[in-house]
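Visitor: Please take me closely through one helix of this model, and then through the parts that surround it, step by step.

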Amino acid sequence: GIGEKSAVLIKMIPEICRRYQEDREQGGERVFSSEEALRLVRPKFFGRKTEAVVLLLLDSQGKTLYCDVINEGSVNAAPIYTNQVVRLAAQYEASTAVLAHNHPSGRPMPTSGDIAATRHVIWALDSLGVLLYDHLIVTETDYLSMNGCGLLQTLYEEHTEEKERRLYP
């Protein structure tokens, strides 16, 4: 019972809210924890029905250099292109990176694909001397920090062992 213009306006509300939040968060804010990173990346997922990948890049002082969506996918998957992550980290001369993606299903548990992608990003960023501080999985009401639950540390330990095995066979 509403007109075409009203329908368009209603459909634009999530995008308007997302842009409003992004504008509020700009300004090179410093990030020192996963919770602070979550506050910066969460607005990027507002109103999305499909998975999206966000990359947050920080300098050596924790100041935000870059924070944006780098890929969008389907309802249950969004590929993380390692070469794109590396290119952006090099372009912005980042010291630290935080990956985030959403699970529209509402369950923030990492899939085997999420873990494999994180492993690849760790290897790729290591070649630049960039630390992957966290990989956040965000839902509308919850989130999981791979750093906070110890999974990222396990992946880094595997990485270090494999790297040493390759360097000193």
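Guide: In this predicted model, the buried residues of helix H4 are covered by surroundings that include helix H3 (82–91), strand E3 (96–102), strand E4 (131–138) and helix H5 (151–167). The residues in question are Asp114, Ala117, Thr118, Val121, Ile122, Ala124 and Leu125, which are the buried ones in H4. The helix itself runs over residues 112–126, and its 15 residues reach 21 Å from the first C-alpha to the last, close to the 21 Å expected at 1.5 Å a residue.

Of the elements that cover H4, helix H5 can be taken next, since the relation also holds the other way round: what covers the buried residues of H5 includes H4 and E4. The end C-alpha atoms of H5 are 24 Å apart, which agrees with the 24 Å that its 17 residues should span at 1.5 Å a residue. Leu151, Leu152, Leu155, Tyr156 and His159 are the buried residues in H5, and because they cover an arc of only 130 degrees around the axis, they are put on the same side of H5. On the face turned away from that buried side, H5 carries the exposed residues Gln153 and Glu161.

Strands E3 and E4, which are also part of the cover of H4, belong to an open sheet of five strands with the order E2-E1-E3-E4-E5 and mixed pairing. Its edge strands, each pairing on one side only, are strand E2 (64–72) and strand E5 (143–145). Direction ignored, neighbouring strands of this sheet are turned by 20 degrees against each other on average.

Strand E3 deserves a closer look, because seven of its seven residues are buried, so that it is largely enclosed by the rest of the structure. Both of its faces are covered, with Thr96, Val98, Ala100 and Asn102 buried on one side and Ala97, Leu99 and His101 buried on the other. This division into two sets can be read against a general rule: in a regular strand the side chains alternate between the two faces of the sheet. E3 and E4 run parallel and are joined by seven bridges; in E4, valine 138 is the bridge partner of asparagine 102. With strand E1 (residues 52–58), by contrast, E3 pairs in the antiparallel sense, over six bridges. Along this pairing leucine 57 stands opposite alanine 97 in E3, and leucine 56 stands opposite valine 98 in E3.

A further helix, H2 (residues 34–41), packs on the sheet and touches E1, E2, E3, E4 and E5, its direction making about 60 degrees with that of E4. Its buried residues are Ser34, Ala37, Leu38, Leu40 and Val41; seen down the axis of H2, they fall within an arc of 160 degrees, so they line one face of the helix. Among them, serine 34 counts as buried because its relative accessibility is 7%, which is under the 20% limit. Leaving aside its neighbours within four places in sequence, serine 34 is in contact with Tyr133, Asp134, Leu136, Ser145 and Asn147. Serine 34 and glycine 148, although 114 residues apart in sequence, are 7.8 Å apart in space, C-alpha to C-alpha.

The nonpolar interior ties several of these elements together. The largest nonpolar core has 26 residues, and those with the most contacts inside it are Leu55, Leu57, Val85, Leu99, Leu125 and Leu132. E1, E2, H3, E3, H4, E4 and H5 each supply at least two residues of this core, and Leu125, one of the buried residues of H4, is among those with the most contacts. Leucine 55, not counting residues up to four places away in sequence, touches Tyr66, Cys67, Asp68, Ile70, Val85, Leu88, Ala97, Val98 and Leu99. Apart from the largest core lies another, of 16 residues, among them Ala37, Leu38, Phe45 and Leu136; Ala37 and Leu38 are also among the buried residues of H2.

One last detail concerns the loop between H3 and E3, where glutamate 93 lies. Glutamate 93 has a positive phi of about 50 degrees although it is not a glycine, and because its relative accessibility is 67%, it counts as exposed.

Notes
Residues are numbered from 1 along each chain as its sequence is written. This is a predicted model: local features need pLDDT of at least 70, side-chain atom pairs count only at pLDDT 80 or more; totals for chains, interfaces and linings use all residues. Side-chain values use heavy atoms; hydrogens and water are left out. Helices (H or I, at least four residues) and strands (E, at least two) are DSSP runs, numbered from the N terminus. The expected span of a helix is 1.5 Å times one less than its number of residues. Buried means under 20% relative accessible area, exposed over 50%, partly exposed in between (1.4 Å probe, protein chains only). Contact means heavy atoms within 4.5 Å. Two strands pair if DSSP finds at least two bridges between them. Axes are lines fitted to C-alpha atoms, for helices over the stretch in contact, and angles run from 0 to 180 degrees between N-to-C directions. The arc is that of the directions from the helix axis to the C-beta atoms. A nonpolar core is a set of buried Ala, Val, Leu, Ile, Met, Phe, Trp, Tyr and Cys residues joined through side-chain atoms within 4.5 Å.
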